Amino acid sequence: MLTAARWDQAGVEDVARFVAWLRALRQAAVSGAGAVQQTGPVDSAAMARQPSPDPRDPRDPRGLRSDAPLLDGWLSFTARAEAGELTPMSVPGHKQRQDLTGAVVAGDAPLYGGVDSIKHADVPLADAEARAAALWGADWCRFSVAGSTHGNQALALAVGGDGREIVVTRILHRSVLLGLVLAGLRPVWVRPELDEQTGLPAAVAVSTVRAALREHPDACGVFLGDPSYVGTTGDLAGHAAAAHEAGVPLLVDQAWAAHFGFHPALPAHAIQAGADALVTSAHKALPAYTQGAIVLARTERLPAARLNRAFEATHTTSPAGSIAASIDAARALLARDGHELCERLLRCVAGAKKQLAQVPGVAVLDGPGVEPTKLVVLLAGTGAHGYAIEADLVAAGMPLESADRDTVIPIVTIADDEDRVAAFLDVLVASVEQNRGAPRTPKVAASWTVVPQTVLSPREAFFADNEIVPASAAAGRISAELIAPYPPGVPVLAPGELITAEAIDSLREVKADGGRIAYAADPSLETFQVIAD
Ligand SMILES: Cc1ncc(COP(=O)(O)O)c(C=O)c1O
């Protein structure tokens with residue numbers, strides 16, 4: 001007999017047997033038959049474990065589930081949900097029904113109580129994360145369902161405490177800045193080199209980081225973003241050496257680079273280069289669900305207990321099993337087919353660059369220091385406006401990652417192939433021809449050139465009393481808010497920084513040009529939130 005004490009450890013076959021017994025009991029009661037015996041012993045496998053997977057499951061076309069424990073659990077759970085075998089008395093509230101909010105919840109399975117039972121899901125999760133750690137050569141790994149945003153903030157909380165200084169690139173993503181607010185870290189800004197011809201940022205020089213560490217010997221770490229939003233990469237091994245000589249860890253936001261290190265023609269990933277931690281968005285470069293991210297670390301300079309605490313501090317208690325399973329699947333895919341898929345990606349992008357170089361006035365970012373799978377299309381020589389080209393591409397069903405006046409950036413990943421890239425280039429080139437104008441000098445975006453004057457730490461400014469002032473009175477005051485043209489999401493104004501007339505003008509220019517001004521309390525830029533006098 002299945003007793004209450006053993007119920008939470010029961011395997012699904014036990015439960016199925018128990019349910020069958022209950023049904024038979026009910027049937028017997030209806031038909032007036034005698035008692036029904038439950039047959040067979042109860043074993044202690046997890047409740048959500050399923051009969052051996054069908055290797056021909058069309059929902060797993062590359063047969064990844066045998067190397068992906070979370071994918072395996074997700075496939076099992078959703079197969080039962082689709083077959084109408086589940087009557088969950090647990091969240092999520094849609095109860096696997098699609099007759100209320102509809103198909104939008106299809107495939108949604110919680111990690112806890114879906115992919116595996118609430119009491120057992122940590123086991124396949126730890127297994128999946130250990131497989132990822134091994135693949136990246138790390139000794140600590142966590143899967144996040146809240147993007148590299150969460151991963152960056154977890155690393156900020158892990159690396160140092162309130163009031164400590166940290167060397168940080170100023171072309172950081174806003175999530176790092178909010179990580180500094182959460183942790184109370186004080187930034188020592190380092191700026192990247194700028195490419196004079198294109199106005200785009202290159203990497204931060206190792207000598208710049210070394211100088212910052214010399215001037216701030218109490219800094220608790222170095223936090224860089226590499227590759228940059230435009231795919232420029234630097235000497236991470238040199239940065240790791242500089243950080244380690246100063247006795248501090250190197251943390252790297254590699255949100256765009258989950259494929260790095262999986263083909264000899266690609267740059268090494270940060271852990272391979274000697275960094276202590278990296279954050280990457282599995283949903284950006286890899287075929288994972290939106291929000292899926294991976295945080296990886298070596299624990300010599302970053303204790304695992306602190307990393308775990310920091311990770312959990314801002315992660316949801318209800319992770320989406322579908323997101324976690326897709327990270328697991330992407331990892332299994334990369335482990336098995338990564339070289340071949342990266343090879344195709346490299347070939348596609350190299351071919352695209354070659355073709356675009358034939359179009360008069362078009363240039364692409366290329367050469368040493370640019371990661372070879374990034375396609376940054378430079379339009380200044382054509383006179384065409386990036387927004388007009390973006391509009392044509394959107395109309396053709398090809399939304400872009402990023403467009404401003406002088407640049408369009410499509411994201412090409414291992415999910416693309418020659419045909420898809422060729423179709424994209426056809427529309428892009430036709431649009432360039434239709435939108436040609438007088439060639440111009442590219443504008444350098446404020447996001448890349450901002451030289452902040454920090455008056456208060458991000459945390460002090462975040463919590464300080466603030467007031468709203470008209471734009472005409474904002475210059476000379478201290479910003480209480482973070483304002484970033486998006487993309488790239490790099491703050492032009494950050495909490496605690498002096499507002500300058502140049503910063504206001506550059507934001508207005510982006511807005512006038514049709515760009516999105518993100519996170520501003522007043523996106524019209526008529527007023528600004530400043531620290532109260
Ligand atoms: C450099 C960088 N870091 C972090 C992030 C945040 O990533 P996610 O959207 O996965 O939270 C982004 C997003 O675009 C980014 O560009």
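**Entry 1: β2 and its partners**

I began with strand β2 (residues 165-169), which is joined to strand β3 (residues 186-190) by five bridges, the two running parallel. The model is a predicted one, and I kept that in mind throughout. I took one bridge as a reference point: I166 has P187 as its partner in β3. Between the two strands I looked for the connection and found helix α6 (residues 174-183); β2, α6 and β3 form a β-α-β unit of right-handed sense.

I then turned to the other pairing of β2. Strand β4 (residues 222-225) pairs with β2 in the parallel sense, over two bridges. Here V167 is opposite V222 of β4. I also checked how covered β2 is: four of its five residues are buried, which makes the strand mostly covered.

**Entry 2: the chain as a whole**

I counted the elements next and noted 16 helices and 15 strands in the chain. Of the 533 residues, 46% are buried. For contacts with a separation of 6 or more, I noted that 68% are between residues 24 or more positions apart.

**Entry 3: the core**

Which residues have the most contacts inside the largest nonpolar core? I listed A275, V295, L296 and A324, in a core of 147 residues. Helix α11 (residues 321-357) contributes the most to this core, giving 15 residues. I followed A275 further. Leaving out residues up to four places away in sequence, A275 touches L236, A240, L250, L251, V252 and A270.

**Entry 4: the ligand shell**

I looked up what surrounds the ligand and found 13 residues, the closest being G147, S148, T149, H173 and A255. Helix α5 (residues 147-159) gives the most to this shell, with four residues. I sorted the shell by class: nine residues are polar, three are nonpolar and one is charged.

**Entry 5: the four-stranded sheet**

I traced an open sheet of four strands, in the order β8-β9-β11-β10, with antiparallel pairing. Why is one side of β8 and of β10 left without a neighbour in the sheet? β8 (363-364) and β10 (402-403) are at the edges and have a single partner strand each, so one side of each lacks a neighbour there. For β10 that pairing is with strand β11 (residues 407-409), antiparallel and over two bridges. I noted that A403 has V408 as its bridge partner in β11.

**Entry 6: backbone exceptions**

I set the background down before listing cases: most residues other than glycine have a negative phi, and most peptide bonds are trans.

I found a cis peptide bond from V91 to P92, with omega near 5 degrees. P92 is in the loop between α3 (69-82) and α4 (122-136). I found another cis peptide bond joining D226 and P227, where omega is about 10 degrees. The loop holding P227 runs between β4 and α8 (236-245).

For phi, I noted Q96, a residue other than glycine with a positive value near 65 degrees. Q96 lies in the loop between α3 and α4. Is Q96 buried or exposed? Q96 is buried, because 21 other C-beta atoms lie within 10 Å and the cut-off for buried is 20 or more.

Q291 also has a positive phi, near 90 degrees, and is other than glycine. I placed Q291 in the loop between α9 (282-285) and β7 (293-297). Q291 counts as buried because it has 20 C-beta neighbours inside 10 Å.

**Entry 7: two helix positions**

I looked up G351, which is in helix α11. With 14 other C-beta atoms within 10 Å, G351 is partly exposed. I checked its distance to V421: the C-alpha atoms are 9.1 Å apart, with the two positions 70 residues apart in sequence numbering.

I did likewise for E509, placed in helix α16 (residues 501-512). E509 is partly exposed because its count of other C-beta atoms within 10 Å is 15, and partly exposed covers counts between the 12 or fewer of exposed and the 20 or more of buried. The C-alpha atoms of E509 and A446 are separated by 9.5 Å, while along the chain these residues are 63 apart.

Methods:
Residues are numbered from 1 along each chain as its sequence is written. This is a predicted model: local features need pLDDT of at least 70, side-chain atom pairs count only at pLDDT 80 or more; totals for chains, interfaces and linings use all residues. A nonpolar core is a set of buried Ala, Val, Leu, Ile, Met, Phe, Trp, Tyr and Cys residues joined through C-beta atoms within 7 Å. Two residues are in contact if their C-beta atoms, placed from the backbone, lie within 7 Å. Two strands pair if DSSP finds at least two bridges between them. A crossover is right-handed if, with the strands pointing away from the viewer, the path from the first strand over the helix to the second runs clockwise. A residue is near a molecule or strand if its C-beta atom, placed from the backbone, lies within 6 Å of it. Ala, Val, Leu, Ile, Met, Phe, Trp, Tyr, Cys and Pro count as nonpolar, Asp, Glu, Lys and Arg as charged, and the others, Gly among them, as polar.
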